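Please look at the model below with its sequence at hand, and follow the report from one residue to the next.

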Amino acid sequence: MKQVIIIIRTNKYFETRDALQKANFGAISEKEIIGRGKKEGHYTAVTGEESHAHYSFSAKRMIEVYVRDEDLDHLIKTVVNVNQTGTAGDGKIFVLPAETAIRIRTGEKDINAIM
């Protein structure tokens, strides 16, 4: 069992969520976050003349999913297909081992608790 943390652009959240649900990854958690990667952000606004503003953080969405080991590659491909634009800021996927899960209502453990 794996814990997958997905950080994506805010404008890709609904498309990603819909793709995950279509791929049978319906049990997700998400939250709005701010952060940055290796590069400082750059924003150009045109209001009569070009102006440049630098910012150190940008809004992102973080999605958390728990999956069976055998479903991991399918999950990653689904997320990459929606979010990969080839430009800085497309996001990150972190995969961590999840040692145990317990469904409080029934006491089911591990895979049975998340399925």
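Leaving aside its neighbours within four places in sequence, K12 is in contact with V82, N83 and T85. This description comes from a predicted model, and every distance and area given for it is a computed value. K12 itself sits in the loop that runs between strand 1 (2-9) and helix 1 (13-22). The C-alpha atoms of K12 and V79 are separated by 9.9 Å, although these two residues are 67 residues apart along the chain. Is K12 buried or exposed? K12 has a relative accessible area of 16%, and it counts as buried because buried means a value under 20%.

A second residue to find in the model is R61, which belongs to strand 5 (residues 58-67). R61 is buried too, as its relative accessible area is 12%. Which residues does R61 touch, when those up to four places away in sequence are not counted? The list consists of I6, I7, I8, T10, Y13, E30, K31, E32 and I33. Two of these neighbours also meet R61 through polar contacts between side chains: the contact with E30 is at 2.9 Å, and the contact with E32 is at 3.4 Å.

Side chains of opposite charge can pair when their charged atoms come close. In this model the count comes to eight salt bridges. One of them is formed by the side chains of R61 and E30, with a distance of 2.9 Å from N to O. This pair links distant parts of the chain, since R61 lies in strand 5 while E30 lies in strand 2 (residues 28-35), and the two are 31 residues apart. The partners can also be described by their accessibility: R61 counts as buried at 12%, whereas E30 is partly exposed with a relative accessible area of 35%.

R68 takes part in salt bridges with E70 and with D71. The table sets these pairs beside the one already described.

| Salt bridge | Closest N to O distance | Accessibility of the acidic partner |
|---|---|---|
| R61 and E30 | 2.9 Å | E30: 35%, partly exposed |
| R68 and E70 | 3.7 Å | E70: 60%, exposed |
| R68 and D71 | 2.9 Å | D71: 19%, buried |

R68, the residue that appears in two of these rows, is partly exposed, with a relative accessible area of 25%. Its partner E70 counts as exposed because its relative accessibility of 60% is over 50%, while its partner D71, at 19%, counts as buried because that value is under 20%. Salt bridges that share partners also join E30, E32 and R61 into one network.

The last topic is a pocket. About 190 Å³ of space lies in the second largest pocket of the model. Of the 13 residues that line this pocket, the closest to its centre are N24, F25, G26, Y66 and M115. Which element gives the most to the lining of the second largest pocket? Strand 5 does, with three residues, and this is the strand in which R61 lies. When the lining residues are sorted by class, eight are nonpolar, three are polar and two are charged.

Notes: Residues numbered from 1 in each chain as written. Predicted model: local features only at pLDDT ≥ 70, side-chain atom pairs only at ≥ 80, totals over all residues. Heavy atoms only, no water. Helix = DSSP H or I, 4+ residues; strand = E, 2+ residues; numbered from the N terminus. Buried < 20%, exposed > 50% of the residue type's maximum accessible area, 1.4 Å probe, protein only. Contact = heavy atoms within 4.5 Å. Polar contact = N/O pair within 3.5 Å; in protein donor to acceptor, adjacent residues only side chain to side chain. 1 Å grid on protein atoms, 1.4 Å probe; cavity = no way out; pocket = protein on both sides within 12 Å on 5 of 7 lines; lining within 4 Å. Points joined across faces, edges and corners; volume = space filled by probe spheres on them. Nonpolar A, V, L, I, M, F, W, Y, C, P; charged D, E, K, R; others polar. Salt bridge = Lys/Arg side-chain N within 4 Å of Asp/Glu carboxyl O.
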